[in-house]
Amino acid sequence: MVDVSVKSTKDGPNLVVVDGQTKFAFCRCGHSNNKPFCDGSHRKAEFKAEEKETKIV
Ligand code: FES
């Protein structure tokens with residue numbers, strides 16, 4: 001059985017985590033120049049958001 005979750009990081013991207021390993025980092029601040037992926041622009045944009053983890057499988 002594969003363990004899949006989406007981790008919304010504090011003030012950062014949504015991470016797709018499979019069996020404990022981060023596979024993708026998706027932008028949720030809207031400032032990335034490489035959408036849908038996070039490129040670190042959330043830091044410069046001073047994006048603020050809460051941390052949350054959602055189990056998918
Ligand atoms: S969350 Fe990192 S660039 Fe948007």
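The following paragraphs lead the reader through one predicted protein model, from its overall layout to its salt bridges, its cavity and its surface.

Residues are numbered from 1 along each chain as its sequence is written, and side-chain values use heavy atoms, with hydrogens and water left out. Because the model is predicted, local features need pLDDT of at least 70 and side-chain atom pairs count only at pLDDT 80 or more, whereas totals for chains, interfaces and linings use all residues.

The protein chain contains one helix and four strands; helices (H or I, at least four residues) and strands (E, at least two) are DSSP runs, numbered from the N terminus. Along the sequence, these elements follow the pattern β-β-β-α-β. Taken along the principal axes, the C-alpha atoms fill a box of roughly 40 × 20 × 15 Å. Of the 57 residues in the chain, 30% are buried; buried means under 20% relative accessible area, exposed over 50%, and partly exposed in between (1.4 Å probe, protein chains only). One buried residue is Val17, with 9% relative accessibility, and its place is in strand β2. Val17 and Ser5 are twelve residues apart in sequence, yet their C-alpha atoms are 5.3 Å apart in space.

Charged side chains come next. Side chains of opposite charge can pair when their charged atoms come close. A salt bridge is defined here as a side-chain nitrogen of Lys or Arg within 4 Å of a carboxyl oxygen of Asp or Glu, and the count by this rule is four. One of them joins Asp3 and Lys55, at 3.7 Å from N to O. Asp3 lies in the segment before β1 (4-8) and Lys55 in strand β4, so this pair ties together parts that are 52 residues apart in sequence. Asp3 is partly exposed, at 31% relative accessibility, while Lys55 is exposed, at 53%. Together with Glu53, these two residues are linked in a network of salt bridges.

Asp11 takes part in salt bridges with two lysines. With Lys10, the closest N and O atoms are 3.8 Å apart; with Lys48, the corresponding separation is 3.9 Å. The pair of Asp11 and Lys48 links distant parts of the chain, 37 residues apart: Asp11 is in the loop between β1 and β2 (14-18), and Lys48 is in the loop between α1 (41-44) and β4. Asp11 counts as buried because its relative accessibility is 19%. Lys10, in contrast, is exposed at 53%, and Lys48 is exposed at 63%.

The interior can also be searched for enclosed space. On a 1 Å grid over the protein atoms alone, a cavity is a set of points where a 1.4 Å probe fits but cannot get out, and lining residues have an atom within 4 Å of a point. The whole structure has one cavity of 30 Å³ or more. The largest cavity holds about 50 Å³ of space, and its lining includes Cys27, Arg28, Cys29, Cys38, Asp39 and Phe47. The lining residues divide into five nonpolar, four polar and two charged.

On the outside, Met1, Ile56 and Val57 make a nonpolar surface patch of about 390 Å². Such patches are made of residues with over 30% relative accessible area and no salt bridge, with nonpolar side chains joined within 5 Å. Ile56 is found in the segment after β4 (52-55) and counts as exposed because its relative accessibility is 51%.

Key
On a 1 Å grid over the protein atoms alone, a cavity is a set of points where a 1.4 Å probe fits but cannot get out, and a pocket is an open set with protein on both sides within 12 Å along at least five of seven lines; lining residues have an atom within 4 Å of a point. Grid points are joined across faces, edges and corners, and a volume is the space filled by probe spheres set on the points. Ala, Val, Leu, Ile, Met, Phe, Trp, Tyr, Cys and Pro count as nonpolar, Asp, Glu, Lys and Arg as charged, and the others, Gly among them, as polar. Patches are made of residues with over 30% relative accessible area and no salt bridge: like charges are joined within 9 Å, nonpolar side chains (Val, Leu, Ile, Met, Phe, Trp, Tyr) within 5 Å. Accessible areas come from the Shrake-Rupley method with a 1.4 Å probe; for residues, only the protein chains shown count as cover.
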